[in-house]
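This note is intended for a colleague meeting the structure for the first time. The points below may be read alongside the sequence and the model.

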Amino acid sequence: GVANATVRLIALDGTRWNGIADSMGYVHINSIPEGLYRLSVQALKHASFQETFVLVEENNRKVVFLNREVVSFTWTVTPTSVKEKYTINLEIEYETHVPAPVILVDPSVIDLDALIDLYPCVVGPCPCED
């Protein structure tokens, strides 16, 4: 799980519940009535997640996946002394040495008319084993 993720739950009538994920990525919010809700989850260096769903007693757990963002872009626009002229800077930050494995599927193009065996392989800090 993603620790310290911010979770917001909003009901149709505007009632809001907020929570912060614990060290295992879990958030527990109690006493929420059944109904239609908008769920929003955000965490540092992860893509945000939003979804509308129906909360019912039999299905009162929601699992979300936040994609890790290992490349970030920062744009800055600085006015210059010449009217209508600006200096635009783009700063790109790449995280390296991150345990973010890449999964490759061989073959990379699949002909669905001729079913074949696929061999997924994790490349990176946790290589494939037979």
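**Points on the predicted model**

1. Contacts of A5. When neighbours within four places in sequence are set aside, A5 is in contact with G19, I20, A21, V41, Q42, A43 and L66. The coordinates come from a predicted model, and the remarks that follow should be read accordingly.

2. The nonpolar core. A5 is also among the residues with the most contacts inside the largest nonpolar core, together with L9, Y37, L39, V41, F53 and L66. This core has 14 residues. Two or more of its residues come from each of β1 (6–11), β3 and β4 (49–55). Of the partners listed for A5, V41 and L66 reappear among those core residues with the most contacts.

3. Overall architecture. The protein contains 8 strands and 0 helices, so that its elements, read from the N terminus, run β-β-β-β-β-β-β-β, where strands are DSSP runs of at least two residues. The chain has 130 residues, and buried residues account for 13% of them. Among contacts between residues at least 6 apart in sequence, 23% join residues at least 24 apart. The accessible surface of the protein comes to about 10800 Å², and carbon and sulfur atoms hold 54% of that area.

4. A polar residue in β3. Is S40 buried or exposed? S40 belongs to strand β3, which spans residues 35–42. Its relative accessibility is 12%, and S40 therefore counts as buried, the limit being under 20%. Apart from neighbours within four places in sequence, S40 is in contact with T6, V7, R8, F49 and Q50.

5. The nonpolar surface patch. Which residues make the nonpolar patch on the surface? They are V71, F73, W75, V77, Y86, I88, L90, I92 and Y94, and the patch covers about 980 Å². The elements that give two or more residues to it are β5 (71–79) and β6 (86–94). The greatest contribution is that of β6, with 5 residues. One member, V77, is placed in strand β5. V77 has a relative accessible area of 54% and is therefore exposed, since exposed means over 50%.

6. The salt bridge. How many salt bridges does a search of the whole structure find? The search finds 1. E51 pairs with K62, and their closest N and O atoms are 2.3 Å apart. The pair links distant parts of the chain, with E51 in strand β4 and K62 in the loop between β4 and β5, 11 residues apart. E51 has a relative accessible area of 27% and is partly exposed. K62, at 38%, is also partly exposed. Both values fall between the buried limit of 20% and the exposed limit of 50%, which is why the two residues are classed in this way.

7. Positive phi angles. Two residues other than glycine deserve a check of the backbone, S31 and E84. Phi of S31 is near 60°, and S31 lies in the loop between β2 (16–20) and β3. With 72% relative accessibility, S31 counts as exposed. For E84, phi is positive at about 65°, and E84 is found in the loop between β5 and β6. E84 is likewise exposed, with a relative accessible area of 65%.

Conventions: Residues are numbered from 1 along each chain as its sequence is written. This is a predicted model: local features need pLDDT of at least 70, side-chain atom pairs count only at pLDDT 80 or more; totals for chains, interfaces and linings use all residues. Side-chain values use heavy atoms; hydrogens and water are left out. Patches are made of residues with over 30% relative accessible area and no salt bridge: like charges are joined within 9 Å, nonpolar side chains (Val, Leu, Ile, Met, Phe, Trp, Tyr) within 5 Å. Accessible areas come from the Shrake-Rupley method with a 1.4 Å probe; for residues, only the protein chains shown count as cover. A salt bridge is a side-chain nitrogen of Lys or Arg within 4 Å of a carboxyl oxygen of Asp or Glu. Helices (H or I, at least four residues) and strands (E, at least two) are DSSP runs, numbered from the N terminus. Buried means under 20% relative accessible area, exposed over 50%, partly exposed in between (1.4 Å probe, protein chains only). Contact means heavy atoms within 4.5 Å. A nonpolar core is a set of buried Ala, Val, Leu, Ile, Met, Phe, Trp, Tyr and Cys residues joined through side-chain atoms within 4.5 Å.
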